[in-house]
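Student: I have just opened this structure and would like to talk it through. Could we begin with how the chains meet?

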Amino acid sequence: MKTLKFLVLNPKDTVAVLLENGTKGDRVLVSEEEIILLENVEFAHKVLIADSTKNDPVIKYGVNIGYMKADAPKGTWIHGHNMGCDRGKQKESF
Amino acid sequence: MKFMGYRRANGTVGIRNHIAIIPSVFCANNVVEHIARQVKGAVALRHPVGCSQVGFDLELTARTLIAMGRHPNIAAVVVVGLGCERFKPTELYEEVKKSGKPVEMIVIQEEGGSSKTITKGVKIANQFAQQEVNRPRVECDLSELTIAVKCGGTDATSGLAANPVVGAMSDLLVSAGGSTILSELNELIGTEDMLAARAINKEVSDKVYAAIFAVEDKLRSGCDDRYVGRNELISPGNYDGGVSNIVEKALGGVYKGGSAPVTDVLEYAIPPQPGQKGLFLMNYESHDGEVVTGMIGCGAQIVAFTSGRGTPAGFPFAPVIKLTGNNFMFEKMKENFDFNTGDIINGEATIKDKGKELFDMVVDVANGQQTAAELLESYELFCVARAMGSNPNA
């Protein structure tokens, strides 16, 4: 298990940004809380740091960047497959 | 704080001293390039427009080429026309002449073909070069410096390191009395409330909302159900780099403008009113070349361009400082970069310190220090905007 470098850009954020490639089982330590990666996550991608339920907002830079498409525990990789966004897109399928 | 620049006849200040060879229509591109190649300090402004346009497209062609000719980084201009184009070379010549700088016009159909026009153009441009190229720099105030800020080939390091550093630099320049132009309004969708709240008054706040909503409507109108997969508003490279959607990208992009109040929203290639200073938005979209050309048309003498994934593009007569936050790409494309903010990603430097370091580089470049894109003679960012349909909001 590796302890990964990461950034949490704002204290309100529900995601951390990895500063190196992570493998399933690696961890990030956010405010002394250990969060285990549930899947491989690449450099600069987002990891959920708060257990979330469907339609919860995803917060980065302290701002709402989208919503959860389904329930997900902390340690989940967050990207277009599991985060929706109503701005700038006409359809989910895009 | 001061820098050394070139003061033009109309009082504007340049940081480079080129002779511009400008075709009024694309048919003159080859002649223009032949002239520029033979004259020291000359730059060719090759472009694909000038013929068969109407309405706002023709207005953008005229506005842009005139703004290039009048730009303070240009010492003198040779206009090269064909003779039958819709955007008349005489209009370009007359409008540049009003700025008080030396300008001559040659027309290929009148001169009798390419070779004769090239010979005459080289002679004129060489005379301008002898008059202008050794012009001494004079002391100018930083309030006369305007920087355009842009990101292209974005990855997540742009939003995490390079863009915030550009924003910190911008805040230093604005507090010294200078100006910054931020555009790419399509990439600011989702940040309009934040920007409007920073407007200096209600009128500017309304302009911020109107400009960002207009570009959003335009983008939505361009989406087509037949081409699913071609309707995304962020590029595949952005997405692969960890940026999931337009709002997340916008939040990373808006950092380039720092935290200064928004003075005004400018239209494409139309400079601010005399005396207006500070942070401006320019009403256009994010095509790297078209938007940089518009911001330079608004009077920016220098560009700060962040690129996580790396781009070689430069501008014919304005220095483009290339920054990245991506250590891997900085090493891999080293000759194309001027400044690395990857030490922020490593946790070894702060945004504030790097912002000051970049500000010092901006002043050095204004004083004449060559950028990577200048040393490589890159010119690709000169592109004339298109109206994309009948919408005049370009």
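Tutor: In this predicted model, 31 residues of chain B are in contact with 29 residues of chain A, contact meaning heavy atoms within 4.5 Å. Local features need pLDDT of at least 70 and side-chain atom pairs count only at pLDDT 80 or more, while totals for chains, interfaces and linings use all residues. Residues are numbered from 1 along each chain as its sequence is written, chains are lettered from A and ligands numbered from 1 in the order in which they are written, and side-chain values use heavy atoms, with hydrogens and water left out.

Student: How much area do chain B and chain A bury between them?

Tutor: About 2,500 Å², with 57% of it on carbon and sulfur atoms. Buried area is the accessible area (1.4 Å probe) that two parts lose on being put together, summed over both. On the chain B side, B:Leu160, B:Arg220 and B:Glu248 supply 22% of the area buried against chain A, more than any other three residues.

Student: How many salt bridges cross the interface of chain B and chain A?

Tutor: The rule finds two, a salt bridge being a side-chain nitrogen of Lys or Arg within 4 Å of a carboxyl oxygen of Asp or Glu. One of them joins B:Glu248 to A:Lys46, at 2.9 Å from N to O. Eleven residue pairs across this interface are in polar contact, both residues at pLDDT 80 or more. A polar contact is a pair of N or O atoms within 3.5 Å; within protein, one must be able to donate a hydrogen and the other to accept it, and residues adjacent in sequence count only if both atoms are side-chain atoms.

Student: Which element gives the largest share of the side of chain B that touches chain A?

Tutor: Helix H10 (246-254) of chain B, with five residues. Helices (H or I, at least four residues) and strands (E, at least two) are DSSP runs, numbered from the N terminus.

Student: Changing topic, how is chain B divided?

Tutor: Chain B has domain 1 (18-132) and domain 2 (140-375), with bounds from an automatic or database domain assignment. Their centres, taken over C-alpha atoms, are 29 Å apart. The contact takes 13 residues from domain 1 of chain B and 15 residues from domain 2 of chain B.

Student: What do the two domains of chain B bury between them?

Tutor: About 1,000 Å², 71% of it on carbon and sulfur atoms. B:Arg63, B:Met68 and B:His71 supply 42% of the area that domain 1 of chain B buries against domain 2 of chain B, more than any other three residues.

Student: And how many salt bridges are found between domain 1 of chain B and domain 2 of chain B?

Tutor: Zero, although five residue pairs are in polar contact there, both residues at pLDDT 80 or more. Helix H2 (55-70) of chain B gives the most to the domain 1 side of this interface, with five residues.

Student: How many salt bridges does the structure hold over all chains?

Tutor: There are 26. Among them is the pair of A:Glu33 and A:Lys74, whose closest N and O atoms are 2.5 Å apart.

Student: Why does that pair tie together separate parts of chain A?

Tutor: A:Glu33 lies in strand E4 (residues 33-36) of chain A and A:Lys74 in the loop between strand E7 (63-68) and strand E8 (77-78) of chain A, so the pair ties together parts that are 41 residues apart in sequence.
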